[in-house]
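This report describes the overall dimensions of one protein and then turns to a single sheet and the helix that lies across it.

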Amino acid sequence: MKVVIIGGVAGGATAAARLRRLDENAEIVVIERTGYVSYANCGLPYYIGGAITDRSKLTLQTPESFRKRFNIDVRVRQEATAIDREARTVTITRLEDGTTYTERYDKLILSPGARPAVPDLPGIGSERIHTLRTVEDTFRIADVVDREKPRRAVVVGAGFIGLEMAENLRERGLDVTVVQRGEHVMPIFDADMAALLHNHLREQGVELLLNANVTGFAEGDAGITTALADGRALESDLVILSVGVAPESTLARDAGLELGLRGSIAVDEHMRTSDPNIYAVGDAVQVKHAVTGEDALIALAGPANKQGRIAADNICGRASTFTGSQGSSVLKLFELDAAATGLTLVAAQRAGLNADAVILSPANHATYYPGAETMTLKVVYERESGRILGAQAIGRGGVDKRIDVLAVAIRARMTAADLAELDLAYAPPYSSAKDPVNMAGFIIENIREGLVEHITWDEALAAARADDAVLLDTRTPGEHARGGIEGALHIPVDGLRDRLGELPRDQRLLVFCASGLRSYVACRILSQHGFACANVSGGYGFYEQVSRGTACAHTGIGPCGLPA
């Protein structure tokens, strides 16, 4: 059997290695148009920023190492330009001299990845505009930074690559402006959670322009100008263009293979295309979203690796299926970690699910143990069943651990009640006896069982403005003195029972504290004394960060929002 693989990196390289482990006698050929067949794609921005200093560390395998260990024929700087499905051949061009040849296959695996989206704008061809996809791109940008010593950079787009490049260019001492067309960075987060990232970017000296539409570029003697639709002109020495990616499916389309969303390659659960002898994996393929079952494009290294393995399994006669991706991911942004899995609340509601979400601010480990850091955790769930649909977390430690647990919970179709029962590892340096994941389960179950109602800040403020409800601040006098909501009643939770007579019984009470924990206690007191009330989700600390752009303290803060 002869297998030709077009494209390396995550999916193609993994498929090649798996094929060899399953079949020692197969002839395996990998065609890669760049000079690097297997490299740490996600590590590229960190070479530019200086966290990774050795160029060789970016390369996971070379053609020589593939040949020596796996007896695989890897041909770099060669590009597949056509597929003849009837003859089962691939036309290949040697990029160094332009010569072509054909390669026969029994089975073909397409792993072309995704190309950076490049909008058709005036000046887009400037050499001062860079995209980041390959190792060559990385070295080119790093060489520009080293050689030309730029002072200013504009990053267009605020997804993974955009924010990672903003951080790493800032680490190199550049003044950085991030331009985002939408209302918030990182679409894998809801707007309220993304606001925490906005605050941190600005804290780190990054200028962030939201709802800003780029209309073109113009080169000058001093650099390059990025023009915005509102008339502003941003001067910089270089531009990083990071406005998304598009499936690299030209080869598949020209071969007549069935396509899916946004021109992606359509595959079945075995990673097989509409041609039974051709498989496709990685960022170029359409997959099923693991939560909704709907078609989706999810360009991440983890799914690409799994798909490569699954394609190899099926070629070798081992029944193996890809059951979908839920987009689990994590981002380092200066001092913060930001992670997400599954659906945002907006995406869940858009998918027609009756979804809600809770927000909590637990510490990453026991607050009496030194170094505790507060995280913000948002968990999305289905109202009727309590099934967990998605989660987002931002903090300075323990974020990835909680998202990984919640990713497993989503995949296993677990409910909030299951989260409450999870038996998770505990010691003071690592967690609390009631882990943040457990706490999320407790909170959701309290709501679903009717022990407390909850309400968002937007809903609460709208009700208060309409005189349909009264806001009740249950924080301490000291907290209240440092800032609050105009017009809210103030009664600290510890004195609430003695002051019930001061509260109106003909209006609903919308109760808040710093984090939502003390206000939950207050709601339990009030409801048992006959008051109609609801707990404001996230507390005043979350409101300050989302609505006022205030960065709250993270270190040494207890779950109630007070210093531990």
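## A five-stranded sheet and its covering helix

In this predicted model, strand S24 (residues 336-342) and strand S27 (residues 388-395) pair in the antiparallel sense over six bridges, and Gly342 stands opposite Gly390 in S27. Both strands belong to an open sheet of five strands, which has the order S23-S24-S27-S26-S25 and antiparallel pairing. Its edges are formed by strand S23 (329-333) and strand S25 (355-360), each of which pairs on one side only. On average, and with direction ignored, neighbouring strands of this sheet are turned by 10° against each other.

Helix H6 (residues 191-203) lies across S23, S24, S25, strand S26 (376-382) and S27, and runs at about 15° to S27.

The protein as a whole has 16 helices and 32 strands. A compact globule of 564 residues would have a radius of gyration near 24 Å, and because the protein has 27 Å, the value agrees with that expectation. Of the contacts in the protein with a separation of 6 or more, 63% are accounted for by residues 24 or more positions apart.

Further values for the whole protein are set out below.

| Property | Value |
|---|---|
| Box filled by the C-alpha atoms, along the principal axes | roughly 90 × 60 × 45 Å |
| Buried residues, as a share of the 564 residues | 54% |
| Accessible surface of the protein | about 24100 Å² |
| Share of the accessible surface belonging to carbon and sulfur atoms | 47% |

Methods
Residues are numbered from 1 along each chain as its sequence is written. This is a predicted model: local features need pLDDT of at least 70, side-chain atom pairs count only at pLDDT 80 or more; totals for chains, interfaces and linings use all residues. Side-chain values use heavy atoms; hydrogens and water are left out. Two strands pair if DSSP finds at least two bridges between them. Helices (H or I, at least four residues) and strands (E, at least two) are DSSP runs, numbered from the N terminus. Axes are lines fitted to C-alpha atoms, for helices over the stretch in contact, and angles run from 0 to 180 degrees between N-to-C directions. Contact means heavy atoms within 4.5 Å. The radius of gyration is taken over C-alpha atoms; the globule rule is 2.2 Å times the number of residues to the power 0.38. Buried means under 20% relative accessible area, exposed over 50%, partly exposed in between (1.4 Å probe, protein chains only). Accessible areas come from the Shrake-Rupley method with a 1.4 Å probe; for residues, only the protein chains shown count as cover.
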